[in-house]
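Student: Got a minute to walk me through this one? I'd like to get a feel for the fold before I go back to the bench.

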Amino acid sequence: MTAVYFSGFGFAHESALFVAPFCAVRDCLDVREFDVMGFSYGAQKAVRYALDSPRPIRRLCLISPAFFHGMPTRRKEAELRLFAANPVRYLQTFLQQALSGIIDASEAQKELVLPYFCLSRYESICTKELADDLRTLLFYTFCADELTQIRERGIAIEVFLGEKDRIIAAKEARDFFAPLATRLFWVRDAGHLLL
């Protein structure tokens, strides 16, 4: 088994971003065999995979996990309506917020991200599938008991959060994951992409 990686909502193959020179966590993210990793929405999938997998897992890495526990249901429903009204505009706004945590983002950093954000493919694929993904992302709840179960199986849990993340409530996520994670990395001046 090699490392397993789950992509974030609106992204594909972006794991390369986390080993790029601009990434604030690149030196901490020592990817090896038997690691399971997920970025944002992918962190939710990575937890499910770690819970269900009979294969040995060394480490579960949650990179900017999509944590919306404190968001009111009416706001989540409003997000879904905004997406339904104009998926492309919604994704453009999402990308701007993901990049906004980068202080004075250089053009090189922006150019680094764009190939992994698949905005053009969303113009031609089924918006119902994307709406279902967004609903799952917004309404998923990380469970302390499940994370404890993962740790009890001997799997290290590492969580990476950016202090200036504008996609998730980073401080709430930090407070939730701190007692559950083997190691928690709080990256100052970093946004959702930890650049």
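Tutor: Sure, with one term up front: two strands count as paired if DSSP finds at least two bridges between them. Take L60, which stands opposite I157 in β4. And keep in mind that this is a predicted model.

Student: Okay. Which strand does β4 pair with through that L60 spot, and how many bridges are there?

Tutor: Strand β3 (residues 59-63) is joined to β4 by 5 bridges, and the two run parallel.

Student: And what about β4 and β5, how many bridges there?

Tutor: There are 5 bridges between β4 and β5, again in a parallel arrangement. In that pairing, E158 stands opposite R183 in β5.

Student: So what does the whole sheet look like, what's the strand order?

Tutor: It's an open sheet of 5 strands, ordered β1-β2-β3-β4-β5, with parallel pairing. β1 (4-6) and β5 (183-187) are the edge strands, each pairing on one side only. From one strand to the next, the twist averages 10 degrees.

Student: What holds strands together in general?

Tutor: Strands of a sheet pair through backbone hydrogen bonds, and they can be parallel or antiparallel.

Student: Back to the edge at β1. How many bridges join β1 to β2?

Tutor: 3 bridges link β1 to strand β2 (residues 35-39), and these two run parallel. Y5 has M37 as its bridge partner in β2.

Student: Is β4 mostly covered or mostly open?

Tutor: Mostly covered: in strand β4 (residues 156-162), 6 of the 7 residues are buried.

Student: Let's zoom out. How many helices and strands are in the chain?

Tutor: The chain has 8 helices and 5 strands. Going along the sequence, the pattern reads β-β-α-β-α-α-α-α-α-α-β-α-β. Buried residues account for 48% of the 195 residues.

Student: What share of the contacts is long-range, say between residues at least 24 apart?

Tutor: If you take contacts between residues at least 6 apart in sequence, 79% of them join residues at least 24 apart.

Student: Nice. Which residues touch the most others in the largest nonpolar core?

Tutor: That core has 65 residues, and the ones touching the most other members are V47, L60, L62, I150, F177 and L193. You've met L60 already, as the residue opposite I157.

Student: Pick I150. What does I150 touch?

Tutor: Setting aside residues up to four places away in sequence, I150 touches V47, A50, L51, L60, I155 and I157.

Student: Q44 caught my eye. Where is Q44, and is Q44 buried or exposed?

Tutor: Q44 sits in helix α1 (residues 41-52). Its relative accessibility is 2%, so Q44 counts as buried, the cut-off being under 20%.

Student: What is Q44 in contact with?

Tutor: Beyond its neighbours within four places in sequence, Q44 is in contact with A66, T136, L137, Y140 and F142. Q44 and T141 are 97 residues apart along the chain, yet their C-alpha atoms are separated by 8.6 Å.

Student: A66 rings a bell. Which residue is 102 residues apart from A66 in sequence but 6.3 Å away in space?

Tutor: That's I168, with the 6.3 Å taken C-alpha to C-alpha. I168 lies in the loop between β4 and α8 (170-177). Although it's a loop residue, I168 is buried, with a relative accessible area of 6%.

Student: What does I168 touch?

Tutor: Leaving out residues up to four places away in sequence, I168 touches S64, P65, A66, F67, F68, L161, A173 and H192.

Student: Switching topic: how much space lies in the largest pocket?

Tutor: About 450 Å³. There are 23 lining residues, and the closest to the pocket's centre are M71, R75, E79, Y90 and Q97. The elements giving two or more residues to the lining are α2 (73-85), α3 (87-100) and α6 (127-139).

Student: Which of them gives the most?

Tutor: α3, with 5 residues.

Student: Last one: what's up with the phi of H13 and of D189?

Tutor: H13 has a positive phi near 60 degrees, and H13 isn't a glycine. H13 lies in the loop between β1 and β2, and at 64% relative accessibility H13 counts as exposed. D189 also has a positive phi, about 60 degrees, without being a glycine. D189 lies in the segment after β5 and is partly exposed, with a relative accessible area of 40%.

Key:
Residues numbered from 1 in each chain as written. Predicted model: local features only at pLDDT ≥ 70, side-chain atom pairs only at ≥ 80, totals over all residues. Heavy atoms only, no water. Core = buried A, V, L, I, M, F, W, Y, C linked by side-chain atoms within 4.5 Å. Buried < 20%, exposed > 50% of the residue type's maximum accessible area, 1.4 Å probe, protein only. Contact = heavy atoms within 4.5 Å. Helix = DSSP H or I, 4+ residues; strand = E, 2+ residues; numbered from the N terminus. Axes fitted to C-alpha atoms, helices over the stretch in contact; angles between N-to-C directions. 1 Å grid on protein atoms, 1.4 Å probe; cavity = no way out; pocket = protein on both sides within 12 Å on 5 of 7 lines; lining within 4 Å. Points joined across faces, edges and corners; volume = space filled by probe spheres on them.
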